[in-house]
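Colleague: Hi! Could you walk me through this one while I have it open?
Modeller: Happy to, just put it up and ask away.

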Amino acid sequence: MELMVDVKNLRKRFGDDSSGFDVLSDVSFSVETGEMVALVGISGSGKTTLLQIIGGLDKCNAGTVCVGGKAIDKLSAPELAEFRNKQIGFVFQFHHLLPDFTAIENVFIPGLIHGKSKKECVKRASELLGIFDLSKRLNHYPTELSGGERQRVALARAMFNEPALVLADEPTGNLDRANGELLLQLFEKANRELRQTFLIATHNSKLSGGMNRVLYLEEGKIVDTDKPTTVTDEW
């Protein structure tokens, strides 16, 4: 069994020892390479914090996190930045597109950071936006795109460097039914054709139902239950 994500005894505390609280407490789980796994829990259960730690955007107080066989907490800041850019793609509920850049520019920025030529980046970004049915929107700015279009641009950006792991935090939270279903189809396509691994935090039962497996996070812990605490059928 080849593991893409291996989390052991993870603890994350906000505040000091006397007045703080544990948002994550003794969390342990793994995700195999090529799996699509949903992380389900109510708001405040620690889903976003857990994804940020796995993605190297935050640090834990205790425990270990390995991604693709690397202990990310052992990497230096430059090593971690390079590893993130090459191996991990992020998709958030809010697209976080740069407002002064066009759709195609937003998509190919990760390639420029990774040292690829602009010509190569433009070609790759155009292909991705074409796959996501945005060929006619390449030179539009985020304010000129619909919510669904902006989220698809964000997904194309996350996929640009063909990351081994995609972390998505409530990616359908601001999408209508049609765009939510399209996003799920795009995830499935990337998983099937590129064998990319997905860990998706969501409270949406339709999205989690399309995954291979569901993890439930309750009060900062992965709970052993077949029933989610709170989910919704709405996109």
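Colleague: How many bridges join strand β1 to β2?
Modeller: Eight bridges join β1 (residues 3-14) to β2, and the two strands run antiparallel. One pair to look at is Val5, which stands opposite Val31 in β2. Before we go on, this is a predicted model, so local features need pLDDT of at least 70 and side-chain atom pairs count only at pLDDT 80 or more, while totals for chains, interfaces and linings use all residues. Residues are numbered from 1 along each chain as its sequence is written, and side-chain values use heavy atoms, with hydrogens and water left out.

Colleague: What counts as a strand, a helix or a pairing here?
Modeller: Helices (H or I, at least four residues) and strands (E, at least two) are DSSP runs, numbered from the N terminus. Two strands pair if DSSP finds at least two bridges between them.

Colleague: Which sheet do β1 and β2 belong to, and what is the strand order?
Modeller: They sit in an open sheet of four strands, in the order β2-β1-β4-β5, with antiparallel pairing. The edge strands are β2 (21-32) and β5 (70-71), each pairing on one side only.

Colleague: Where does Asn9 lie, and what is its phi?
Modeller: Asn9 lies in strand β1. Its phi is positive, about 50 degrees, although Asn9 is not a glycine. Most residues other than glycine have a negative phi.

Colleague: Is Asn9 buried or exposed?
Modeller: In between: Asn9 has a relative accessible area of 44%, so it is partly exposed. The cut-offs are under 20% relative accessible area for buried and over 50% for exposed, with partly exposed in between (1.4 Å probe, protein chains only).

Colleague: And Glu170, where is that?
Modeller: Glu170 lies in the loop between β7 and α6 (177-194). Glu170 also has a positive phi of about 50 degrees without being a glycine. At 10% relative accessibility, Glu170 counts as buried.

Colleague: Switching to the six-stranded sheet: what is the order there?
Modeller: That open sheet goes β6-β7-β8-β3-β9-β10, and the pairing is mixed. Its edge strands are β6 (88-92) and β10 (221-223), and each pairs on one side only. The twist averages 25 degrees from one strand to the next.

Colleague: Which sense does β9 pair in with β3, and with β10?
Modeller: β3 and β9 pair in the parallel sense over four bridges, whereas β9 (residues 213-218) and β10 pair in the antiparallel sense over three bridges. Tyr216 in β9 is a handy landmark: Val40 stands opposite Tyr216, and in β10 the bridge partner of Tyr216 is Val223. Leu217 has Ile222 in β10 as its bridge partner.

Colleague: What does the turn between β9 and β10 look like?
Modeller: β9 and β10 form a hairpin with two residues between them, and Glu219 in the turn has a positive phi of about 50 degrees.

Colleague: Which strands does α1 lie across?
Modeller: α1 lies across β3 (36-40), β6, β7 (165-169), β8 (197-202) and β9, running at about 155 degrees to β7. α5 packs on the sheet too, touching β6, β7 and β8, and its direction makes about 170 degrees with that of β6. Contact here means heavy atoms within 4.5 Å. Axes are lines fitted to C-alpha atoms, for helices over the stretch in contact, and angles run from 0 to 180 degrees between N-to-C directions.

Colleague: How many residues of α1 are buried?
Modeller: Six of the eight residues in α1 (residues 47-54) are buried. They are Lys47, Thr49, Leu50, Leu51, Ile53 and Ile54. After α1 comes Gly56, with a positive phi near 75 degrees.

Colleague: Back to α5. At what angle does it cross α3?
Modeller: The axes of α3 (residues 103-113) and α5 (residues 147-159) come within 7 Å and cross at roughly 25 degrees. That makes α3 roughly parallel to α5; angles under 35 degrees count as roughly parallel, over 145 as roughly antiparallel, 65 to 115 as roughly perpendicular and the rest as oblique.

Colleague: Which residues meet there?
Modeller: Ala103, Asn106, Val107 and Pro110 in α3 meet Val153, Ala156 and Arg157 in α5.

Colleague: Last one: what does Phe92 touch?
Modeller: Leaving out residues up to four places away in sequence, Phe92 touches Leu57, Gln151, Asp169 and Pro171. The C-alpha atoms of Phe92 and Pro171 are separated by 5.4 Å, although the two are 79 residues apart along the chain.
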